[in-house]
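Trainee: I am new to this structure. Please take me through one part of it closely, and set that part in its surroundings.

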Amino acid sequence: MDHPPSVPPSLRDWRRWLPGLQLLKGYSPTWLPKDLLAGLVLTAMLVPVGIAYAEASGVPGIYGLYATIVPLLAYALFGPSRILVLGPDSALVAIILAVILPLSGGDPQRAIVLASAMALVSGLVCLGAGLLRLGFITELLSKPIRYGYMNGIALTVLISQTPRLFGISVESDGPLQDVWHLLRALLDGQANWHAFAIGGGSLAIILLLKRFERVPGILIAVVVATLAAWLFRLEAEHGVKVTGSLPQGLPGFALPLISFDDLQAVLVGGFAVALVSFADTSVLSRTYAAKTRTPVNANQEMIGLGMANLATGLFQGIPVSSSSSRTPVAEAAGARTQLAGVFGALGVALLLLFGPDLLKHLPTSALAAVVIAAAIGLFEFKDLRRIYRIQQWEFWLSISCFVGVVVLGAVPGIGLAVVIAVIEFLWDGWRPHSAILGRVEGIRGYHDISRHPHARRVPGLVLFRWDAPLFFANADLFQKCVLRAVQQAPDQVRRIVIAAEPMTSVDVTSADMLIELEQILRADGIELRFAEVKDPVKDKLQRLEVLARIGRDVFQPTVGAAVDVYLEEHQVDWTP
């Protein structure tokens with residue numbers, strides 16, 4: 001049994017939503033040193049990354065730390081994954097920036113209110129989807145479309161951060177305009193080459209050390225950049241921008257109140273954040289579930305992610321997602337449970353309480369390098385080359401999505417990705433494959449005569465297979481294909497049997513079409529029958545009043561059985 005008999009059912013149900021408490025129940029004391037060490041290692045990485053992603057998202061860096069502390073604590077309680085690390089993420093940077101930049105007017109307080117409101121929307125969407133058991137919705141985006149979208153996001157983030165690498169302030173107007181503004185600024189001599197040396201050097205260190213999983217490349221780059229800025233007085237003597245002192249203290253509760261005029265943009269942006277963050281989290285959680293040999297609970301993953309975003313939205317944070325860079329750090333440091341993330345959050349909190357000046361000499365160009373390195377990691381080219389080789393039209397779908405994100409922006413881009421995904425799904429079901437079946441010598445069963453031209457057909461019988469659900473978009477095509485199969489038969493048709501094993505559903509439109517088709521065939525003296533129909537589909541045909549119109553004795557369990565019944569009823573001399 002999962003629970004002892006003495007535990008009341010209501011308590012069992014309550015505890016089911018809190019995987020963190022269940023994990024503590026079986027926590028081994030031998031895990032504590034490993035989780036504590038992993039938490040300390042995480043702290044060193046969480047601080048610069050949190051600041052970098054916050055500033056890249058258009059809000060002051062301190063709010064990235066707030067979005068690091070609170071979500072980690074919330075996910076430790078509600079999240080099902082044992083070592084997943086949540087926080088501000090590069091995949092969300094472009095979406096957040098696209099919403100708050102035009103609405104905030106350069107006001108940092110207004111920017112964080114908008115970002116926190118987006119986090120609340122994202123949290124509510126994820127929480128609602130988890131409670132409604134909709135964890136499968138991320139599967140609506142095919143792999144090529146996800147690649148196209150993430151490649152577009154990666155390029156957008158890379159372009160937005162490149163001016164900061166040169167110490168140039170550019171007001172973002174979209175990727176294409178940003179490139180033009182950057183080129184003009186460089187030609188006009190606005191680049192701060194000391195800032196670029198720090199940023200470029202930091203980027204080189206991060207990328208060179210990335211191949212060594214146990215080496216904290218980001219931490220090393222940030223420490224080297226901070227020491228260089230302090231030792232050589234780069235801010236005072238060369239105008240290199242630095243982070244400055246962080247506000248001392250922990251985040252307080254604050255309800256992000258926005259105006260009605262901002263509501264639509266925040267709702268759309270929050271929904272986009274929810275979709276991207278859960279898509280990333282579901283992939284990452286599956287990866288580490290396989291490594292730790294633990295089951296995947298997609299619905300609880302949504303709830304954990306939703307609660308983390310609700311928490312950050314109520315405590316002055318920005319939207320969060322799982323991190324594909326910080327989670328491996330936790331794993332490499334020996335993390336055993338979510339307590340590693342808790343210790344990491346506590347480490348960041350202690351820094352804000354007792355050491356807010358430790359990073360005041362950190363150059364912003366080094367923070368830009370951190371974000372650029374993460375953006376480079378988002379690009380996917382290798383698998384796209386494989387997709388181009390095996391399925392070119394899906395490759396061009398990916399490219400279309402990529403161009404949409406770069407040209408239209410991150411939020412409209414994800415809308416375009418969803419539209420493309422729906423069109424792709426409908427197209428596959430709208431124009432599915434169908435086949436006329438015959439008997440092939442030496443192969444059991446009945447097979448597509450277009451693949452086997454010498455297949456034998458039963459005299460007076462058409463065996464027709466439809467390889468898709470039957471619904472409104474393909475109902476008319478189904479009827480045309482059936483009638484065409486009858487017209488092209490080599491002899492007078494007495495009966496047509498629909499091999500319906502691939503047909504997983506019918507709707508009202510297709511049900512009415514079947515009634516009309518049966519009437520057309522009956523007028524020509526042709527009987528309509530079905531084989532291999534699934535029981536749920538039979539139930540739908542019954543409920544949609546199809547069987548009341550065409551008869552109830554029209555089903556056979558297999559195509560072979562349908563052929564045998566036909567041969568017997570019509571006295572046809574034919575040997576299978």
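Mentor: The protein chain holds 24 helices and eight strands. This is a predicted model. Its C-alpha trace spans about 100 × 70 × 50 Å along the principal axes. The chain has 576 residues, and 51% of them count as buried. About 27,200 Å² of the protein chain is exposed, with carbon and sulfur atoms supplying 61% of that area. Now take the contacts between residues at least 6 apart in sequence: 81% of them join residues at least 24 apart.

The part to look at closely is residues 451-566. An unreviewed UniProt entry annotates this span as "domain: STAS". Helix makes up 43% of the span, and strand 16%. The C-alpha atoms at the two ends of the span are 24 Å apart.

Go to Trp466 and Phe478. These two form an aromatic pair. Their ring centres are 5.2 Å apart, and the planes meet at 90°. That makes the pair edge-to-face, because planes over 60 degrees apart count as such. Where do the partners Trp466 and Phe478 lie? Trp466 is in strand E5, which runs over residues 461-466. Phe478 is in helix H20, residues 475-487. The two are twelve residues apart in sequence, so the pair ties a strand to a helix. Are Trp466 and Phe478 buried or exposed? Trp466 is buried, at a relative accessible area of 0%. Phe478 is buried too, at 1%. Both values fall under the 20% cut-off for buried.

Another ring in this span has a charge for company. The ring of Phe555 has the charged end of Lys538 sitting over it, 5.1 Å from the ring centre. A similar arrangement involves Arg439 and Tyr446. Arg439 lies over the face of Tyr446, at 5.2 Å from the ring centre.

Now widen the view to the other rings. The whole structure has 14 aromatic pairs. One of them joins Phe395 and Trp396, with ring centres 5.0 Å apart. Their planes stand at 80°, so this pair is edge-to-face. Phe395 is buried at 15% relative accessible area. Trp396, at 47%, counts as partly exposed. Elsewhere, ring pairs join Phe166, Trp193 and Phe196 into a cluster.

Three further residues show how the helices and loops meet other parts of the chain. Start with Thr312. Thr312 sits in helix H13, residues 298-314. Thr312 is buried, with 0% relative accessible area. Setting aside residues up to four places away in sequence, Thr312 touches Ala67, Val70, Pro71, Ser116, Ala119, Gly317, Ile318 and Val320.

Next is Leu284, in helix H12, residues 260-292. Leu284 counts as buried, at 11% relative accessibility. Beyond its neighbours within four places in sequence, Leu284 contacts Leu84, Ser322, Ser323, Ser324 and Thr327. For a sense of distance, compare Leu284 with Ile376. They are 92 residues apart in sequence, and their C-alpha atoms are 18 Å apart in space.

Then there is Ser81. Ser81 is in the loop between helix H4 (62-78) and strand E1 (86-87). A loop residue can still be covered: Ser81 is buried, with a relative accessible area of 12%. With neighbours within four places in sequence left out, Ser81 is in contact with Tyr75, Glu301 and Gln338.

Last, the cysteines. How many disulfides are there? The count is zero. Take Cys126, which is in no disulfide. The nearest cysteine sulfur to that of Cys126 belongs to Cys401, 19 Å away. Why is there no bond between Cys401 and Cys126? Their sulfurs are 19 Å apart, which is too far for a bond. A disulfide would need the two sulfur atoms within 2.5 Å. Both residues are under cover. Cys126 counts as buried at 1% relative accessibility, and Cys401 is buried at 0%.

Return now to the annotated span, residues 451-566. Keep two details in view. Strand E5 and helix H20 are tied together by Trp466 and Phe478. Lys538 has its charged end over the ring of Phe555.

How values were computed:
Residues are numbered from 1 along each chain as its sequence is written. This is a predicted model: local features need pLDDT of at least 70, side-chain atom pairs count only at pLDDT 80 or more; totals for chains, interfaces and linings use all residues. Side-chain values use heavy atoms; hydrogens and water are left out. UniProt positions are given in the numbering used here, feature names are shortened, and annotations may be inferred rather than shown by experiment. Helices (H or I, at least four residues) and strands (E, at least two) are DSSP runs, numbered from the N terminus. Rings of Phe, Tyr and Trp (its six-membered ring) pair if their centres lie within 6.5 Å; planes under 30 degrees apart count as stacked, over 60 as edge-to-face and the rest as tilted. Buried means under 20% relative accessible area, exposed over 50%, partly exposed in between (1.4 Å probe, protein chains only). A charge sits over a ring if NZ of Lys or CZ of Arg is within 6 Å of the ring centre and within 35 degrees of the ring normal. Contact means heavy atoms within 4.5 Å. Accessible areas come from the Shrake-Rupley method with a 1.4 Å probe; for residues, only the protein chains shown count as cover.
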